[in-house]
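Subject: Structure for you to look at

Dear colleague,

I am handing over the structure that we spoke about, and below it you will find an account of what turned up when it was examined. Please have the sequence and the model open side by side while you read.

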Amino acid sequence: MRAVVTGGAGFVGSRVCEALVDSGAEVVCLDNLLTGAPGNVAGLRGHPAFRFEHCDVAEGFTSRAVRAALRPDLDLVLHLASPASPVDYLEHPIETLDAGSRGTRAALDLAGEHGARLVLASTSEVYGDPQVHPQTEEYWGNVSSVGPRSVYDESKRFGEALTAGYRRAFGTDTGIVRIFNTYGPRMRAHDGRVVPTFVRQALAGEPLTVAGDGSQTRSLCYVDDLVAGLLAFAHSGHPGPMNLGNPHELTVARIAEDVIRATGSTSPVVQVERPVDDPGKRCPDITLARAELGWEPRISWLDGLARTVSWFRSRSRGAA
Ligand code: NAD
Ligand code: UDP
C-alpha cells in the first residue's frame, strides 16, 4: 500500500500518516505548512516508509521532487489539505477556496492517473447552520454562499461536487467523509478552536472566552477515534458521503465547565461576541458509519479531554 496524505503535517493529517506507517503502508506527506508544522511529523522523519515533500496542492504536483516521490504507483490519496479552524480560514480565505477547489482537482487527477482511491476530507460545515438535527448524510444543509464562513463551507461543498463529478464522469474511485469537530494533542494553542483555546486559557489562569451565552452545541470526537474511522472508510471502498464524528453533544458552556474542572483551573468564564453565522447546533448521525464500517467512537469526552490537557501541560513544561 502506497498512500499520499495531503495536509499530512497538520493536526489530523500527521496522525493519519503515523497510523498508515504503523499499518505497514508507505506514505508520502505533501504539505505547504500553511497551518501545519514539521514538528507534527518529526517522529516519522527518517522512517524508510515515510517521505515529506513541501507542496502546495492547489498548484498541482509539478515539482521534480514531488513527481519523484509519487512514483511509481499509488493506491490511496487522502486529501486533507485545507485550513480547518475558523480563525485560520478567515485569515486565509483565498488559500482555503483554492485548497478545496484547485487542490481537490489536482488530488482527483493524481488518483485518476494512478488508478488510486481518492478520499476527500469534507466537513460537517457543509450542513451550515443545520435545520435538521442530528445531521444525516441526506440533509442538504443551510449554508450562506457569501458569509465569512462561506470560504470554507463552499470550498468543501465544491470539493464534494467535484469528487462526485469525477466519479460519474471518469469512474474515479472516490470517497467523501464529513468530519465533525475533532480535538486532541497537536492542535495549536492559538488555532482558535474551542478545545485548544479553553485549555490554553485555563492552564494560563486566563478567562475562558465563551461566545454568546454558550448554549450552542458541538459534538467533539477524540482524534484517535476519528483517524480509525477515516482509515476504515479509506479501506472500505464506500463512496460516501459518510459522517464521522462523536454524537455526544455538548453545549459550549458545558465544554468550558469541563475544561475548568479537568485542568483544576480557577479561571472565570467571560462572554464574548458570537462569530457571524456560528452554527447553533451540530451533532452527527453516525448510523451509516456504524453499519458500513462497524465503527464508532470509543474514547469518552472526559477521557479525551484529560489526554489533551496532559499533552498541553507537557508542552508548556517543555517551553518553560
Ligand atoms: P490543520 O490546519 O491542522 O491541517 C491542515 C493541513 O493542511 C496543514 O498542515 C496545512 O499546512 C495543510 N495545507 C493547507 N493548505 C494546503 C495546500 N494548499 N497545500 C498543501 N497543504 C496545505 O487542520 P486539521 O484539523 O488537521 O484538518 C485536516 C482536514 O480535516 C481539513 O481538510 C479539514 O477541513 C478537515 N476537517 C477537520 C475537522 C477538525 O475538527 N479537525 C473537522 C472537519 C473537517
Ligand atoms: N468558541 C467559543 N470560544 C472560543 C472559541 C470557540 O465559545 O474561544 C465557540 C464557537 O463560537 C463555536 C464553538 O465554540 O460555537 C466551536 O468553535 P470551533 O471554532 O472550535 O469550531 P466550529 O465553529 O468550526 O465548529
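To begin with ligand 1, a shell of 31 residues surrounds it, and G7, G10, V12, T35 and G36 are the closest of them. Helix 1 (11-22), strand 2 (26-31) and strand 5 are the elements that give two or more residues to this shell, and the largest share, three residues, comes from helix 1. Sorted by class, the shell around ligand 1 holds 16 nonpolar, twelve polar and three charged residues. Please keep in mind throughout that this is a predicted model.

Around ligand 2 there are 16 residues, of which R193, V194, T197, T209 and A211 come nearest. Helix 7 (194-204) and strand 8 (208-211) each supply at least two residues of that shell, with strand 8 providing the largest share, namely three residues. Here the division by class is six nonpolar, six polar and four charged residues.

Helix 7 deserves a further word, since nine of its eleven residues are buried, so the helix is largely enclosed by the rest of the structure. The buried residues in helix 7 are V194, V195, P196, T197, F198, V199, R200, Q201 and A202, and V194 and T197 were also listed among the residues that come nearest to ligand 2. Just after helix 7, G205 takes a positive phi of about 70 degrees.

Strand 5 (residues 117-123), which was mentioned above in connection with ligand 1, is likewise largely enclosed by the rest of the structure, because seven of its seven residues are buried. In a regular strand the side chains alternate between the two faces of the sheet. In strand 5 both faces are covered, with R117, V119, A121 and T123 buried on one side and L118, L120 and S122 buried on the other. As for its partners, strand 5 pairs with strand 4 (residues 76-79) in the parallel sense over four bridges, and V77 stands opposite L118 of strand 5. Strand 5 also pairs in the parallel sense with strand 6 (residues 174-179), over six bridges, and there R178 of strand 6 is the bridge partner of S122.

In soluble globular proteins, nonpolar side chains tend to be buried together. The largest nonpolar core in this model has 78 residues, and those with the most contacts inside it are V4, C17, C29, V77 and L78. Helix 8 (residues 223-236) contributes the largest share of this core, seven residues. If you would like one residue of the core to look at, C29 may serve: leaving aside its neighbours within four places in sequence, C29 is in contact with V5, G8, A9, C17, V41, F50, R51 and F52.

On the side of the records, the unreviewed UniProt entry carries the annotation "domain: NAD-dependent epimerase/dehydratase", which covers residues 4-245. Over that stretch, residues 4-245, the chain is 38% helix and 19% strand, and the end C-alpha atoms are 23 Å apart.

Finally, there are some details of the backbone that you may wish to look at yourself. Most residues other than glycine have a negative phi, and most peptide bonds are trans. The peptide bond from R71 to P72, however, is cis, with omega near 0 degrees, and P72 is found in the loop between helix 2 (64-70) and strand 4. Another cis peptide bond joins H133 and P134, with omega of about -10 degrees, and P134 lies in the loop between strand 5 and helix 6 (150-170).

As for phi, R186 has a positive value near 85 degrees although it is a residue other than glycine, and its place is in the loop between strand 7 (182-183) and helix 7. R186 counts as partly exposed because it has 19 C-beta neighbours inside 10 Å, where 20 or more would make a residue buried. D277, also a residue other than glycine, has a positive phi near 65 degrees and sits in the loop between strand 13 (269-272) and helix 10 (287-293). With 15 other C-beta atoms within 10 Å, D277 is partly exposed too.

With best wishes

Methods:
Residues are numbered from 1 along each chain as its sequence is written. Chains are lettered from A and ligands numbered from 1 in the order in which they are written. This is a predicted model: local features need pLDDT of at least 70, side-chain atom pairs count only at pLDDT 80 or more; totals for chains, interfaces and linings use all residues. A residue is near a molecule or strand if its C-beta atom, placed from the backbone, lies within 6 Å of it. Ala, Val, Leu, Ile, Met, Phe, Trp, Tyr, Cys and Pro count as nonpolar, Asp, Glu, Lys and Arg as charged, and the others, Gly among them, as polar. UniProt positions are given in the numbering used here, feature names are shortened, and annotations may be inferred rather than shown by experiment. A nonpolar core is a set of buried Ala, Val, Leu, Ile, Met, Phe, Trp, Tyr and Cys residues joined through C-beta atoms within 7 Å. A residue is buried if 20 or more other C-beta atoms lie within 10 Å of its own, exposed if 12 or fewer, and partly exposed in between; C-beta atoms are placed from the backbone. Two residues are in contact if their C-beta atoms, placed from the backbone, lie within 7 Å. Two strands pair if DSSP finds at least two bridges between them.
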